[in-house]
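Open your viewer, set the cartoon on, and keep the selection box handy. We will go from one stop to the next, selecting a few residues each time and looking at what surrounds them.

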Amino acid sequence: MAVVIICSISLSLIALLLLIAIYSNVKIFKRAIGTLGNAAKENPYSLDHLVGVNIKTHLPPELIQSPIRFLLLVTPSCGSCYETMEEITQRLTRGVKPDYVKCLLLNDSEEHLDYFLKRYGASFWIEVIDSSLIDQMAIKILPCLLRIDDEGNIEEATIHIWKMEAYVKGGEKDVEHAG
């Protein structure tokens, strides 16, 4: 009987120690998960800081004339930029340069610049600009689409080209409801 009591006490003691260890680890995991949640919320490629900025403070005003509503920032050394240009070409242009879009091509690769201009010059109004614009505006991801108003104020900055398509097809009311 004494052996049973000693075993019972020993097992209870072991169970108590295991529970304490598990509880300690759960607290550590909760803190770690909380930290990961905050890190996931911070987007290092966010473009929100551009909303409200007047693009004419960074570019010559003559580059941004009405009826331009979208500025597409691309670089000739970016594979995603080519994919975006192809997608926009297929969806929107129908063989005519759209008046509402101007492509701002960053001059960061002489090697690819001529090819880009030859490939897309017939489909888009393209202006070659200095690549320092990216640093000035703290843009960390390309391609980048800026929706501007008549005064050149950035109303929206995004990487989602479908926002431009929604605007063109149905006006601003559809942009608010798109995705």
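Start by selecting T75, which counts as buried because its relative accessibility is 5%. This is a predicted model, so please read every value on the tour as computed from it. T75 sits in the loop between strand 1 and helix 2. Show its surroundings and, leaving out residues up to four places away in sequence, you will find that T75 touches C81, L105, L106, D108, F116 and L142. Keep F116 and L142 in mind: F116 comes back in the aromatic stop, and L142 comes back with a peptide bond.

**Zoom out for the overall layout**

Colour by secondary structure. The chain has 6 helices and 5 strands, and reading along the sequence gives the pattern α-β-α-β-α-β-α-β-β-α-α. Of the 179 residues in the chain, 35% are buried. Among contacts with a separation of 6 or more, 70% are between residues 24 or more positions apart.

**Select Y82, Y115, F116 and Y120**

These four residues form one aromatic cluster, and the whole structure holds 4 aromatic pairs. Take the pair of Y82 and Y115: the ring centres are 6.1 Å apart and the planes are at 40 degrees, so this pair is tilted. It links distant parts of the chain, with Y82 in helix 2 (residues 79-93) and Y115 in helix 3 (residues 110-120), 33 residues apart.

Is Y82 buried or exposed? Y82 has a relative accessible area of 17%, so it is buried. Y115, in contrast, is partly exposed, with a relative accessible area of 48%.

Now turn to Y82 and F116. Their ring centres are 5.2 Å apart and their planes are at 65 degrees, so the pair is edge-to-face. This pair also joins helix 2, which holds Y82, to helix 3, which holds F116, across 34 residues. Both Y82 and F116 are buried. F116 is also one of the residues that T75 touches, so hide nothing yet if you still have the first stop on screen.

**Stay in helix 2 and select T84**

T84 lies in helix 2 and counts as buried because its relative accessibility is 12%. Setting aside neighbours within four places in sequence, T84 is in contact with L72, P143 and I161. Follow the contact to P143 for the next stop.

**Select L142 and P143**

What is the form of the peptide bond from L142 to P143? The bond is cis, with omega near 0 degrees. P143 is in the loop between helix 4 (132-136) and strand 4 (144-148). Each partner of this bond links back to an earlier stop: L142 is touched by T75, and P143 is in contact with T84.

In that loop between helix 4 and strand 4 you can also pick out A138. Its phi is near 55 degrees, a positive value in a residue other than glycine. Most residues other than glycine have a negative phi, and most peptide bonds are trans. A138 is partly exposed, with a relative accessible area of 34%.

**Select S66 and P67**

Here is another cis peptide bond, joining S66 and P67 with omega of about 20 degrees. P67 is in the loop between helix 1 (2-41) and strand 1 (70-74).

S66 also takes you to an enclosed space. Select I64, Q65, S66, I68, R69, I148, D149, D150 and G152, which line the largest cavity. Its volume is about 30 Å³, and the count of cavities of 30 Å³ or more is 1. The lining divides into 3 nonpolar, 3 polar and 3 charged residues.

**Move on to the largest pocket**

Select N43, Y45, S46, L47, D48, V51, I141, E156, A157, T158, I159 and H160 to outline the largest pocket. Its volume is about 170 Å³. The lining has 6 nonpolar, 4 polar and 2 charged residues.

**Last stop: K97 and W125**

Turn on the side chains of both residues and look at the ring of W125. K97 lies over the face of W125, at 4.2 Å from the ring centre.

Definitions and conventions:
Residues are numbered from 1 along each chain as its sequence is written. This is a predicted model: local features need pLDDT of at least 70, side-chain atom pairs count only at pLDDT 80 or more; totals for chains, interfaces and linings use all residues. Side-chain values use heavy atoms; hydrogens and water are left out. On a 1 Å grid over the protein atoms alone, a cavity is a set of points where a 1.4 Å probe fits but cannot get out, and a pocket is an open set with protein on both sides within 12 Å along at least five of seven lines; lining residues have an atom within 4 Å of a point. Grid points are joined across faces, edges and corners, and a volume is the space filled by probe spheres set on the points. Ala, Val, Leu, Ile, Met, Phe, Trp, Tyr, Cys and Pro count as nonpolar, Asp, Glu, Lys and Arg as charged, and the others, Gly among them, as polar. Rings of Phe, Tyr and Trp (its six-membered ring) pair if their centres lie within 6.5 Å; planes under 30 degrees apart count as stacked, over 60 as edge-to-face and the rest as tilted. Helices (H or I, at least four residues) and strands (E, at least two) are DSSP runs, numbered from the N terminus. Buried means under 20% relative accessible area, exposed over 50%, partly exposed in between (1.4 Å probe, protein chains only). A charge sits over a ring if NZ of Lys or CZ of Arg is within 6 Å of the ring centre and within 35 degrees of the ring normal. Contact means heavy atoms within 4.5 Å.
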